[in-house]
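Colleague: I have a few questions about side-chain contacts. Can you show me what we are looking at?

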Amino acid sequence: MANLRTITQFKSRLAGGGARPNLFEVNINDFKYASPSWDNETFQFLCKASSLPASTVTPVEIPFRGRVLKVAGDRTFDIWSVTVINDEDFKLRTSFEQWMNGISKLSDASGATQPNSYMGNAVVNQLGRGYQIGRSATTNTGAGDNSSGNGGITPLRSYYMDGIFPTNVGPIDLSYESGDTVEEYSVEFQVQYWVAGSSAQSGSPSDYTNTVVI
């Protein structure tokens, strides 16, 4: 028999009132081939959508006398994407196009061959609604620092993605009928692996405390 649950019990279990999908910040810290230099602060404002990255462990199926035994196979990391608002200087889109051009030139298909020369990294911070305990938004340092552009809001969880590079800069649809809207486009990245933890900074997995997944 199922236990009777109450709304009061449910409220006590919903930590922080629940994480909100519209509270996030994305940083691409090691951008490649951008000229002029990559404007990460503008990107933090104009990146309107993303996702916490996914991974998959593919099962290996072994037939046995009419049944199938499933054992764990290799882990793969899914494509990660961002959606970006386009402003009139096209600065961010130009940077993504230059990154892809460094990998494979439009004119002759030549490009970078050393992975470290075209692979960067990114961080996605899931933000919370409250400030860090004992610190104000103006004096906060480290993760949730006011200077990072998130107003002192505490990152609940951070995902560092290593070895990313763009494989698709999406189209921008144009139409006489598209009024009262702003252009946007998506960018898809390949990911070598990600690390999840708390208190994320910016540079490498060693910048994370309470790291739980590699």
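Colleague: Over which ring does the charged end of Arg93 sit?
Modeller: Keep in mind that this is a predicted model. Arg93 is one of the buried residues of helix 3. Its charged end lies 4.9 Å from the centre of the ring in question. That ring belongs to Tyr185.

Colleague: Which residue of strand 5 is the bridge partner of Tyr185?
Modeller: Tyr185 is on the covered face of strand 8, along with Val187 and Phe189. Strands 5 and 8 run antiparallel, joined by six bridges. The partner of Tyr185 is Val84.

Colleague: How far apart are the end C-alpha atoms of helix 3?
Modeller: Helix 3 covers residues 91-103, 13 in number. At 1.5 Å a residue, they should span 18 Å. The model agrees with that, at 19 Å.

Colleague: What is the geometry of the Trp38 and Phe96 pair?
Modeller: Both residues are buried. They are 58 residues apart: Trp38 is in the loop between strand 1 and helix 2, Phe96 in helix 3. The ring centres are 5.4 Å apart. The planes meet at 65 degrees, over the 60 cut-off, so the pair is edge-to-face.

Colleague: Which residue pairs with Tyr159?
Modeller: Tyr159 lies in strand 7 and its partner in strand 9, so the pair ties together parts 35 residues apart in sequence. The centres are 5.4 Å apart, with 70 degrees between the planes. Both residues are buried. The partner is Trp194.

Colleague: How many aromatic pairs does the structure hold?
Modeller: Ring pairs link a cluster that includes Phe31, Phe43, Trp80 and Trp99. Trp38, Phe96 and Phe189 belong to that cluster too. The total for the structure is 12.

Definitions and conventions: Residues are numbered from 1 along each chain as its sequence is written. This is a predicted model: local features need pLDDT of at least 70, side-chain atom pairs count only at pLDDT 80 or more; totals for chains, interfaces and linings use all residues. Side-chain values use heavy atoms; hydrogens and water are left out. Buried means under 20% relative accessible area, exposed over 50%, partly exposed in between (1.4 Å probe, protein chains only). Helices (H or I, at least four residues) and strands (E, at least two) are DSSP runs, numbered from the N terminus. Two strands pair if DSSP finds at least two bridges between them. The expected span of a helix is 1.5 Å times one less than its number of residues. Rings of Phe, Tyr and Trp (its six-membered ring) pair if their centres lie within 6.5 Å; planes under 30 degrees apart count as stacked, over 60 as edge-to-face and the rest as tilted. A charge sits over a ring if NZ of Lys or CZ of Arg is within 6 Å of the ring centre and within 35 degrees of the ring normal.
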